[in-house]
Amino acid sequence: MVKVVQPKSFLLKGGKKAVLLLHSFTSNTVDVKKLGRYLNQENYTCFAPLYEGHGLSSEQLLLKNSSDWWKSVEGGYQFLKNEGYQTIAVIGVSLGGIFALNVGQKLNVNGIVTMSVPYKRDVDMLKSRVLKYALTYKQLEGKGKEQISRELDHLKASSFNSLLQFKEYIDLTMEGLSRIEKPICILYGELDEVLYKESADYIYQNVSSESKSVKGYSNSRHLMTLGEDQEEIQADILSFLNNLQW
């Protein structure tokens, strides 16, 4: 059996302006590593927390829920505060973007960037995402086809309560959009599901921010930070950060 390397949180120290980087669902901090390195070269301090249960097997992932993942986000914010950073922006992709919107509602940040954020998700879609992740993870572990098939059948029969909570968490976050008043930059990939353009427009229309923008990228699918438009996306995010009132 192959041991899958456990991904980790990362800190890239730069200047006094800090950025909290938030990865996507069933993924890990690799999502935002390139963006973090780019912003760090521009003198931003970047911290990306790994959410509880992420980077582990799908069975372990399902033992955690959105409350646990949110604690990891809050912990990341508090870590930067404890390190002495007074000014913090938050950037998130997919689930990380949901958390970034929540950070904007509950914590004090200077600006918010969201990428590929779903404004709604049904449990079946989330379940298929977990099963896809499970298959990939088990293949990485070097398990045989029969064993993988048995384990996936067992997983399909297990409790998906944490995903129901996750769906409710997304709904609650969207209900609270009007509480966001800080500058916000909303990005989506034009090659992604049409839901994500709808979501970007919905967020844009419902936040209370005076300074807000929305932009689609023609060559980008869901994981925008690692796609064909990543250099343009990095430059746009840097421009947004540089124009914030720090």
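## A sheet, its helices and its cores

Leucine 223 is in contact with Ser24, Asp31 and Val93, leaving aside its neighbours within four places in sequence. Contact means heavy atoms within 4.5 Å. This is a predicted model, in which local features need pLDDT of at least 70 and side-chain atom pairs count only at pLDDT 80 or more, while totals for chains, interfaces and linings use all residues. Residues are numbered from 1 along each chain as its sequence is written, and side-chain values use heavy atoms, with hydrogens and water left out.

Leucine 223 lies in the loop between E7 and H9. Helices (H or I, at least four residues) and strands (E, at least two) are DSSP runs, numbered from the N terminus. With a relative accessible area of 30%, leucine 223 is partly exposed. Buried means under 20% relative accessible area, exposed means over 50%, and partly exposed lies in between (1.4 Å probe, protein chains only). Leucine 223 and aspartate 124 are 99 residues apart in sequence, and their C-alpha atoms are 20 Å apart in space.

**The sheet**

Seven strands form an open sheet. Their order is E1-E3-E2-E4-E5-E6-E7, and the pairing is mixed. Two strands pair if DSSP finds at least two bridges between them. Which strands stand at the edges? They are E1 (10-12) and E7. Each has a single partner strand, so one side of each is left without a neighbour in the sheet. Neighbouring strands are turned by 15° against each other on average, direction ignored.

E1 and E3 (residues 45-48) run antiparallel and are joined by 3 bridges. Leucine 12 stands opposite cysteine 46 in E3.

Helices H4 and H9 pack on this sheet. H4 touches E2, E4, E5 (111-115) and E6. The direction of H4 makes about 150° with that of E4. H9 (residues 230-242) touches E2, E4, E5, E6 and E7. The direction of H9 makes about 160° with that of E5. Axes are lines fitted to C-alpha atoms, for helices over the stretch in contact, and angles run from 0 to 180 degrees between N-to-C directions.

**Helix H8**

H8 (residues 194-206) has 13 residues. From its first C-alpha to its last, H8 reaches 19 Å, close to the 18 Å expected at 1.5 Å a residue. The expected span is 1.5 Å times one less than the number of residues. Leu195, Tyr196, Ser199, Ala200 and Ile203 are buried in H8. Why do the buried residues line one face of the helix? Seen down the axis of H8, they fall within an arc of 140°, so they share one face. The arc is that of the directions from the helix axis to the C-beta atoms. An α-helix has 3.6 residues a turn, so residues three or four places apart point the same way. The face of H8 turned away from its buried side carries the exposed residues Val194 and Gln205. The buried residues of H8 pack against H4 (95-106), H7 (161-175), E6 (184-189) and E7 (212-217).

**The cores**

The largest nonpolar core has 41 residues. A nonpolar core is a set of buried Ala, Val, Leu, Ile, Met, Phe, Trp, Tyr and Cys residues joined through side-chain atoms within 4.5 Å. Leu20, Phe99 and Ile203 have the most contacts inside the largest core. E2 (17-22), H3 (66-82), E4, H4, H7, E6 and H8 each supply at least two of its residues. H4 gives the most, with 6 residues. Phenylalanine 99 is in contact with Leu22, Tyr51, Ser66, Trp69, Trp70, Val73 and Tyr169, leaving aside its neighbours within four places in sequence. A second, separate core of 26 residues includes Val19, Leu21, Tyr44 and Tyr217.

**Residues in loops and a strand**

| Residue | Place | Relative accessible area |
|---|---|---|
| Threonine 87 | strand E4 (residues 87-93) | 17%, buried |
| Serine 94 | loop between E4 and H4 | 3%, buried |
| Serine 116 | loop between E5 and H5 (123-140) | 0%, buried |
| Serine 158 | loop between H6 (145-156) and H7 | 28%, partly exposed |

Not counting residues up to four places away in sequence, serine 94 touches Ser24, Met115, Ser116, Val117, Pro118, Arg129 and His222. Serine 116 has a phi near 50°, a positive value in a residue other than glycine. Asparagine 43, in the loop between H1 (33-41) and E3, has a positive phi of about 80° although it is not a glycine.
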